[in-house]
Amino acid sequence: MARVTTTNRRDALRAGAGLLAGGALAAGCASGPAAPAAATASPTTPQAPSATVRASTAPAPRAYPGLPAQITHGPRTRPQVALTFHGQGDPDLARTLLTRAERHGARLTVLAVGTWLDEHPGIARRILDGGHDLGNHTQHHISVNDLAEADARKEIADCADRLRRLTGSIGTWFRPSRSPTASALVAELARQTGYPHVLSYDVDSLDYTRPGAAAVTRKVLSEVREGSVVSLHFGYEDTVAALPDVLTELGRRHLRAVTTTELLS
Ligand SMILES: [Zn+2]
């Protein structure tokens, strides 16, 4: 616990804003169908023809001078927001959500769990082909901040390897699993793996608590503002159902849903 001291201030601010109902570990990305036991079942090697990878290599992470190591939001001065998703769960729900976003002209950021990519290797290219950002959300979605250094390093590196094999890049972002922010150690391990920044967020949709689509919509729209990074999850029907209303209202407020890369560019 001592090593999270650098994030305590941010956590305290979040808790003060009512974003953390039950401490950091209960915040977004605390749930999901990830099961470490199942994760070891199918470490399949994705098929990715090298010519294809070379022809459409995905963007690599970038350093953003002036921005903190852990990014919670973008500029408050431009009418843009980033909708960011825990990438796991039913791939059909994920495809439906991506298609709905694209119909609204929205671009998303998907932080993929490595085992999800193992099970559904085609989803990585589907995400990139839609113009969305794709990033690393650890290999097994266990509480990465609580792991020993070697294990935490492996959780980050193994997912990076999946992304590299499937897309030619380790992805543009890293987000820790089961915590909105990374410990100082995990942030450093992510940096060593090639991610200069950790992508946190300033709006938690709480969609993973299955509160119903209307509640997801209300929660997001009551807190989102210029520059917000919103935490959402693939794998939940509430989220898929809420998305069109969220995007319609964002449009009414002249807030564009863009990739995190575009938000920060
Ligand atoms: Zn997550």
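**Exercise 1.** Which residues of helix 6 are buried? Find them in this predicted model, then work out how they are arranged around the helix axis.

*Solution.* Step one is to go along helix 6 and pick out its buried residues, which are Ile123, Ala124, Ile127 and Leu128. Step two is to look down the axis of helix 6, where these buried residues fall within an arc of 135°, so they line one face of the helix. A general rule helps here: an α-helix has 3.6 residues a turn, so residues three or four places apart point the same way. Step three is to ask what lies over the buried residues of helix 6, and the cover includes helix 4, strand 3 (109–112), helix 5 (114–119), strand 4 (133–136) and helix 7. Step four is to follow the chain just past helix 6, where Gly131 takes a positive phi of about 85°.

**Exercise 2.** Describe how helix 4 (residues 91–103) packs with helix 6 (residues 122–129), and sort the residues of their contact by character.

*Solution.* Two packed helices are described by the angle between their axes and the distance between the axes. For helix 4 and helix 6 the angle is about 5°, and the axes are 11 Å apart. Because angles under 35 degrees count as roughly parallel, helix 4 is roughly parallel to helix 6. The next step is to name the residues that meet, which are Pro91, Ala94, Arg95 and Leu98 on the side of helix 4, and Ile123, Arg126 and Ile127 on the side of helix 6. Sorting the residues of this contact gives 5 nonpolar, no polar and 2 charged. Helix 4 also holds Glu102, which is partly exposed because 15 C-beta neighbours lie inside 10 Å. The C-alpha atoms of Glu102 and Gly131 are separated by 8.8 Å, although the two residues are 29 residues apart along the chain.

**Exercise 3.** Where does helix 9 (residues 213–223) turn its buried residues, and what do they pack against?

*Solution.* Begin with the buried residues of helix 9, namely Ala213, Val216, Thr217, Lys219 and Val220. Seen down the axis of helix 9, these residues fall within an arc of 165°, so they line one face of the helix. Continue with the face turned away from this buried side, which carries the exposed residues Ala214 and Ser222. Finish with the partners: the buried residues of helix 9 pack against strand 6 (203–204), strand 7 (229–233) and helix 10 (237–252).

**Exercise 4.** How many residues does the largest nonpolar core have, and which helix gives the most to it?

*Solution.* The largest nonpolar core has 64 residues, and those with the most contacts inside it are Leu83, Ala124, Ala190 and Val230. Helix 7 (residues 149–167) gives the most to this core, with 7 residues. As a general background, nonpolar side chains tend to be buried together in soluble globular proteins. To see one of the well-connected core residues, take Ala190, which, leaving aside its neighbours within four places in sequence, is in contact with Ile156, Phe174, Ala182, Tyr195 and Val198.

**Exercise 5.** Is Ala152 buried or exposed, and is Cys159 buried or exposed?

*Solution.* Ala152 is found in helix 7, and Ala152 is buried because 24 other C-beta atoms lie within 10 Å. Not counting residues up to four places away in sequence, Ala152 touches Val144, Leu147, Leu185, Val186 and Leu189. Ala152 and Leu189 are 37 residues apart in sequence, and their C-alpha atoms are 7.7 Å apart in space. Cys159 also has its place in helix 7, and with 30 C-beta neighbours inside 10 Å this residue counts as buried. Leaving aside neighbours within four places in sequence, Cys159 is in contact with Gly114, Asn136, His137, Thr138 and Gln139.

**Exercise 6.** Compare the surroundings of Arg178 and Arg210.

*Solution.* Arg178 has a positive phi of about 65° although it is not a glycine, and Arg178 is found in the loop between helix 7 and helix 8 (184–193). With 21 C-beta neighbours inside 10 Å, Arg178 counts as buried. Arg210 has a positive phi near 55° and lies in the loop between strand 6 and helix 9. With 14 other C-beta atoms within 10 Å, Arg210 is partly exposed.

Conventions
Residues are numbered from 1 along each chain as its sequence is written. This is a predicted model: local features need pLDDT of at least 70, side-chain atom pairs count only at pLDDT 80 or more; totals for chains, interfaces and linings use all residues. A nonpolar core is a set of buried Ala, Val, Leu, Ile, Met, Phe, Trp, Tyr and Cys residues joined through C-beta atoms within 7 Å. A residue is buried if 20 or more other C-beta atoms lie within 10 Å of its own, exposed if 12 or fewer, and partly exposed in between; C-beta atoms are placed from the backbone. Helices (H or I, at least four residues) and strands (E, at least two) are DSSP runs, numbered from the N terminus. Two residues are in contact if their C-beta atoms, placed from the backbone, lie within 7 Å. Axes are lines fitted to C-alpha atoms, for helices over the stretch in contact, and angles run from 0 to 180 degrees between N-to-C directions. Angles under 35 degrees count as roughly parallel, over 145 as roughly antiparallel, 65 to 115 as roughly perpendicular and the rest as oblique. Ala, Val, Leu, Ile, Met, Phe, Trp, Tyr, Cys and Pro count as nonpolar, Asp, Glu, Lys and Arg as charged, and the others, Gly among them, as polar. The arc is that of the directions from the helix axis to the C-beta atoms.
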